[in-house]
Amino acid sequence: MRVVLVGPPGSGKGTQGDLLQKRLAVPHISSGDLLRESASTGATEGLKAKEFMDRGQLVPDELVIGLIKSRVSAPDCKKGFVLDGFPRNPAQAEKLQEVLGNGGVDHVVALEVPEQTIVGRLGGRRTCSVCGRLYHVKFNPPRVEGRCDNCGGELFVREDDRETTVRERLAVYTRQTEPLMGYYAGRGLLRRIDGAASTEQVTERIMAVVRGCDD
Ligand code: AMP
């Protein structure tokens, strides 16, 4: 079961990826998380990637493809995975196809969310500096302001969740990632769903797609 989630930043790919990981019993792989982890270890590639990320731009393909390649080749991905944030353009999709070989990806689900909703979601987003759990000041606040429910870590605003950077990320998405829809639609793999519905509804719709009973 190889599932790819596509959608603009703030469309809920990360949240759905976590939920699907439990429902489908396959790992949730976020390219953004892999890049942030790489940057936090101080690795040269990671630090280079961070410069692009902080500006809201896509990191060069060669910096992200290597990370994804080794992650999807790990033993826990034998039964599949839920990919979130990769691929982001047709060139990356081709690379993924190459790495996976026969069979390739089974389902590509596009989460569609209006721009205004996204700006509201990302502007209020807070991230735990220790375990990475996500919160929202309005929709999903922590029990104690500024502190993670899970580990007590301090919550912060990611550099790329600031409003001007969010707008840049959305522009980048429209310019560079939307062509990906055409790539997967042309191969009969793409299903578009309403990502502005409730978290539970979105999960059920994705599950219907992967079970092949969404028609
Ligand atoms: P995300 O957590 O998916 O919103 O990703 C955060 C940032 O990581 C993006 O704005 C990009 O700078 C970078 N990034 C994540 N995935 C990719 C990718 N597949 N290709 C290029 N850059 C990426």
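**Close-up 1. The largest cavity in this predicted model holds about 50 Å³.** How many cavities of 30 Å³ or more are there? The count comes to 1. Around the largest cavity you'll find Leu-5, Val-6, Gly-7, Lys-13, Gly-85, Phe-86, Pro-87, Arg-88, Tyr-173, Thr-177 and Leu-180. Sorted by class, that lining has 6 nonpolar, 3 polar and 2 charged residues. Strand S1, residues 2–6, supplies at least two residues of the lining, and so does helix H7. Keep Gly-85 in mind, since this residue of the cavity lining turns up again in the ligand view, among the residues that come nearest to the ligand.

**Close-up 2. A cis peptide bond joins Phe-86 and Pro-87.** What is omega for this bond? The angle is about 0°. To find the spot, look for the loop between strand S3 (81–84) and helix H5 (90–100), where Pro-87 is found. Both partners of the cis bond, Phe-86 and Pro-87, also belong to the lining of the largest cavity.

**Close-up 3. Here is the ligand with the residues around it, 16 in number.** Which of them come nearest? Those are Ser-31, Gln-57, Gly-85, Gln-92 and Arg-169. By class, the shell around the ligand divides into 6 nonpolar, 5 polar and 5 charged residues. Helix H2, which runs over residues 31–40, gives the most to this shell, with 4 residues.

**Close-up 4. Zooming in, the ligand has polar neighbours at Gln-57, Gly-85 and Arg-36.** At Gln-57, a backbone N or O atom sits 2.5 Å from an oxygen atom of the ligand. Gly-85 also uses its backbone: a polar atom there is 2.9 Å from a nitrogen atom of the ligand. With Arg-36 the side chain takes part, placing an N or O atom 3.1 Å from an oxygen atom of the ligand. As for cover, the ligand on its own has 480 Å² of accessible area, and the protein covers 95% of that.

**Close-up 5. Arg-169, one of the residues that come nearest to the ligand, is found in helix H7.** Is Arg-169 buried or exposed? Its relative accessible area is 12%, so it counts as buried, the cut-off being under 20%. For a sense of scale, pick out Lys-78 too: Arg-169 and Lys-78 are 91 residues apart in sequence, and their C-alpha atoms are 32 Å apart in space.

**Close-up 6. Ser-38 has its place in helix H2.** This serine has a relative accessible area of 14%, so it is buried. Where does its side chain reach? Follow the side chain of Ser-38 to the backbone nitrogen of Gly-46, at 3.4 Å.

**Close-up 7. The second largest pocket contains about 190 Å³ of space.** It is lined by 14 residues, and the closest to its centre are Pro-8, Val-113, Tyr-173, Thr-174 and Glu-178. Tyr-173 may look familiar, as it also lines the largest cavity. Which elements each supply at least two residues of the pocket lining? They are strand S4 (107–112), helix H6 (115–123) and helix H7 (163–177). The lining of this pocket divides into 9 nonpolar, 1 polar and 4 charged residues.

**Close-up 8. Gln-176 sits in helix H7.** Its relative accessibility is 30%, and so Gln-176 counts as partly exposed. How far from Asn-89 is Gln-176 in sequence and in space? The two are 87 residues apart in sequence, with 6.0 Å from C-alpha to C-alpha.

**Close-up 9. Ala-25 has a positive phi although it is not a glycine.** The angle is about 55°. You'll find Ala-25 in the loop between helix H1 (13–24) and strand S2 (28–30). Its relative accessibility is 63%, so this alanine counts as exposed, for which the cut-off is over 50%.

**Close-up 10. Asn-140 is found in the loop between strand S6 (134–136) and strand S7 (155–156).** Asn-140 is partly exposed, with a relative accessible area of 40%. Val-119 is 21 residues away from it along the chain, and 16 Å separates the C-alpha atoms of the pair.

Key:
Residues are numbered from 1 along each chain as its sequence is written. This is a predicted model: local features need pLDDT of at least 70, side-chain atom pairs count only at pLDDT 80 or more; totals for chains, interfaces and linings use all residues. Side-chain values use heavy atoms; hydrogens and water are left out. A residue is near a molecule or strand if one of its heavy atoms lies within 4 Å of it. A polar contact is a pair of N or O atoms within 3.5 Å; within protein, one must be able to donate a hydrogen and the other to accept it, and residues adjacent in sequence count only if both atoms are side-chain atoms. Accessible areas come from the Shrake-Rupley method with a 1.4 Å probe; for residues, only the protein chains shown count as cover. Ala, Val, Leu, Ile, Met, Phe, Trp, Tyr, Cys and Pro count as nonpolar, Asp, Glu, Lys and Arg as charged, and the others, Gly among them, as polar. On a 1 Å grid over the protein atoms alone, a cavity is a set of points where a 1.4 Å probe fits but cannot get out, and a pocket is an open set with protein on both sides within 12 Å along at least five of seven lines; lining residues have an atom within 4 Å of a point. Grid points are joined across faces, edges and corners, and a volume is the space filled by probe spheres set on the points. Buried means under 20% relative accessible area, exposed over 50%, partly exposed in between (1.4 Å probe, protein chains only).
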